[in-house]
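Colleague: Mind if I grill you on the labels you put on this one? I want the reasoning behind each of them.

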Amino acid sequence: MEVTCKVGKSFRLDHKGQGWHTISTVGLLGAATACAALRGLDALGCERALAIACSHACGILSNSGTMVKPLHSGLAARGGYIAAALAEKQFTAGRDILAGQYGLANAFTGGRHRDVDISTTNTQGSALPPLAGEHFELISPGLKVKLFPCCQVAHTCIDAMITIRNLPDFEIQEVDRIICYVPTEMSMKDLQCPEPQTPTEARFSMNFTVAVAMLHGSLKMEHFNSDLLASESLRQYMRRIEMRLPDETIADTVDVEVIFKDGRRITQRGINGPPKWADVEAKFNECIMQASTPVEPSGLLTVLQQLETQTDVVAVLLK
């Protein structure tokens, strides 16, 4: 995670702006690092593993809304595993593979490899090696589990819509328009399916996800089905939803604005941060019920909640 986050932050948004899916590019480097560590590779072995992994880097955001996008995670895991296995066998690879003129940074940031700096600073402002242990991404900003089974960009708006829907004086039939504020134009492009035709496309639709949250008070895996997509009552409310960039007067204060037929307005901020364990547990239980052979989750949840104290992955796998 530390490698993935620090390299990703150094590439900044122009990496994603060129159409790369970060889980398949910098996420791949994290997978390679983890596999190299598990194999006990020394520094040079890890360097070779990362260099080999860079030639596996792939993943195009145009595949959002299809079955290919989740495949990117598997490709990154596979690439990281193969890279570490080859490095362990003394497979050779290039040097200066991240920041060199023809390295990963240059290829994936539009040729500005000289601007890429994966160092960080300590509390006194002094430069540190990127993984010196002075700052861990796992601590700050922390691990954020996706509580809704859809594109992350829509999550704060979904949460805000559920809050509004649960207000005592909320009347769904009186809703005229719903404005969902998205922080950047790039984020808007992540939600590229305003009129989804398949459950997979619906995961990348602000219109679908927020409309479902308003109608049902939740958004779960069971909602992504063809029958609900064909519902005219749902489509009716989907057409009332629009995305906008926030202006200076409401930036960082409003995620959803509901405008009623009589002119009333309700605004709400959604939760955007690490979830509570109870929320993670609810999401876990929902997901495990989708398995072909559902299992009793309590034992596994107990192990996962205390994951940092486990000394062997067997405790997790046996559950």
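Modeller: Go ahead, and keep in mind that this is a predicted model. To start with the counting: a helix is a DSSP run of H or I with at least four residues, and a strand is a run of E with at least two. On that basis the protein has 16 helices and six strands.

Colleague: How do you know that Cys 5 is not in a disulfide?

Modeller: A disulfide needs two cysteine sulfur atoms within 2.5 Å. The closest cysteine sulfur to that of Cys 5 belongs to Cys 54 and is 17 Å away, so a bond is ruled out. Cys 58 is in no disulfide either, as its nearest cysteine sulfur, again in Cys 54, lies 12 Å off. The count of disulfides comes to zero.

Colleague: Why is Cys 58 called partly exposed?

Modeller: Buried means under 20% relative accessible area and exposed means over 50%, with partly exposed in between. Cys 58 has 27% relative accessibility, so it gets the middle label. Cys 5, at 26%, counts as partly exposed too. Over the whole protein, 39% of the 319 residues count as buried.

Colleague: What makes the radius of gyration agree with a compact globule?

Modeller: The rule for a globule is 2.2 Å times the number of residues to the power 0.38. For 319 residues that gives a value near 20 Å, and the protein has 22 Å, which is why the two are said to agree. The C-alpha trace spans about 70 × 45 × 40 Å along its principal axes.

Colleague: How do you know that the span of helix α5 is close to the expected one?

Modeller: The expected span is 1.5 Å times one less than the number of residues. Helix α5, residues 68-88, has 21 residues, and its 30 Å from first to last C-alpha is close to the expected 30 Å. Its buried residues include Lys 69, His 72 and Gly 79, and α3 and α4 are among what covers the buried residues of α5. Just after α5, Gln 90 takes a positive phi of about 65 degrees.

Colleague: What makes β5 and β6 a pair?

Modeller: Two strands pair if DSSP finds at least two bridges between them. β5 (256-260) and β6 (265-268) have four, in the antiparallel sense. Val 258 stands opposite Ile 266 in β6. The two strands form a hairpin with four residues between them, and Gly 263 in the turn has a positive phi of about 95 degrees.

Key: Residues are numbered from 1 along each chain as its sequence is written. This is a predicted model: local features need pLDDT of at least 70, side-chain atom pairs count only at pLDDT 80 or more; totals for chains, interfaces and linings use all residues. Side-chain values use heavy atoms; hydrogens and water are left out. Buried means under 20% relative accessible area, exposed over 50%, partly exposed in between (1.4 Å probe, protein chains only). Contact means heavy atoms within 4.5 Å.
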